[in-house]
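Biologist: Please take a close look at one part of this model, namely the pairing of charged side chains. I should like the partners, their distances and their burial set out in a connected account.

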Amino acid sequence: MTTTAPYRVTQARVLRSEWHKLTTLRSTWITLLLSAVSIVGLGLVVSAHYETGSREFVDPLELGLAGTQIATISLPVLGVLFTAGEYTTGTIRATLTAVPRRTPVLWAKAGVLTAVVLPLALVTCLAGHTLAQTFLTGTDQEASVTDPDVLAALAGTAAGITALTVFAMALGALLRSVAGGIGAFVGGVMVAPEVVALIPVDAVDKAVEYFPAQAAGNVSTLDGVAGAPAPGLSLLALLALLLWALGTTAGAAALLRRRDV
């Protein structure tokens, strides 16, 4: 007579474990609250002080979503902490002992982060834009959520923030260092592309459009903005973001199986 092991490791159980890890940390809720307040609050402040100018140079979503510039840093930092933080505290040993196959842990972390960040970003972007429009109604920046492509651009903004967060999580797993992961994200993702873009070659300019931070900005664009990619590229930019996030996570998963803890 055989019996089924009552504590068999399954992906659902790994997901539940990672969910508890993320949601029971005070730093998680502080970061999420800071990000939500920045998205809504900063957009309101900027919109309230807007003076009618030229829509040719300012995207209608740029004012109401000004706070997303902070969220694209704070939420990816949370992603780095979610993976690299376990190496800092040493709890990664217990985690990988409980899940010997290792890779389910990383994919569970990606799934949990997506389940938390995507709804938060979507709701706050929608709320931030809607509230900001109370100050912009009647100006050249008026753009109701019922206008063509507005909801798609808001959803693209939320998807971009989420993809950057998962990408940063994978960087943390690759480098196994909180400082290294944050440094790689800020320096390599936010700063380096701006430096590379200074190279006066058309092919370089085109490639930079699909770097993570630049692609995230492109999917949230409603109108063509001077110096920015055309809105028609937003689907390609979204695909590029997904490939960056999934590809980096897959690479981190492969190394996780081969390296010692």
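Modeller: Lysine 21 is a suitable starting point: with a relative accessibility of 23%, this residue counts as partly exposed (buried means under 20% relative accessible area, exposed over 50%, and partly exposed in between, with a 1.4 Å probe and protein chains only). The model is predicted, and side-chain atom pairs count only at pLDDT 80 or more, local features needing at least 70, while totals for chains, interfaces and linings use all residues (pLDDT is the predictor's confidence in each residue, from 0 to 100). Numbering runs from 1 along each chain as its sequence is written, and side-chain values use heavy atoms, without hydrogens and water.

One partner of lysine 21 is glutamate 86; their closest N and O atoms are 3.3 Å apart in a salt bridge (a side-chain nitrogen of Lys or Arg within 4 Å of a carboxyl oxygen of Asp or Glu). Because lysine 21 belongs to helix α1 and glutamate 86 to helix α4, this pair ties together parts 65 residues apart in sequence. Glutamate 86 is buried, at 7% relative accessibility.

Lysine 21 also forms a salt bridge with glutamate 18, at 3.0 Å between the closest N and O atoms. Both residues lie in helix α1, 3 residues apart, or about one turn of the helix. Glutamate 18 has a relative accessible area of 1% and is buried.

Glutamate 18 in turn meets lysine 109 in a salt bridge of 2.8 Å, N to O. Since lysine 109 lies in helix α6 (residues 103-136) and glutamate 18 in helix α1, the pair links parts 91 residues apart in sequence. Lysine 109 is buried, with 3% relative accessibility.

Definitions and conventions: Helix = DSSP H or I, 4+ residues; strand = E, 2+ residues; numbered from the N terminus.
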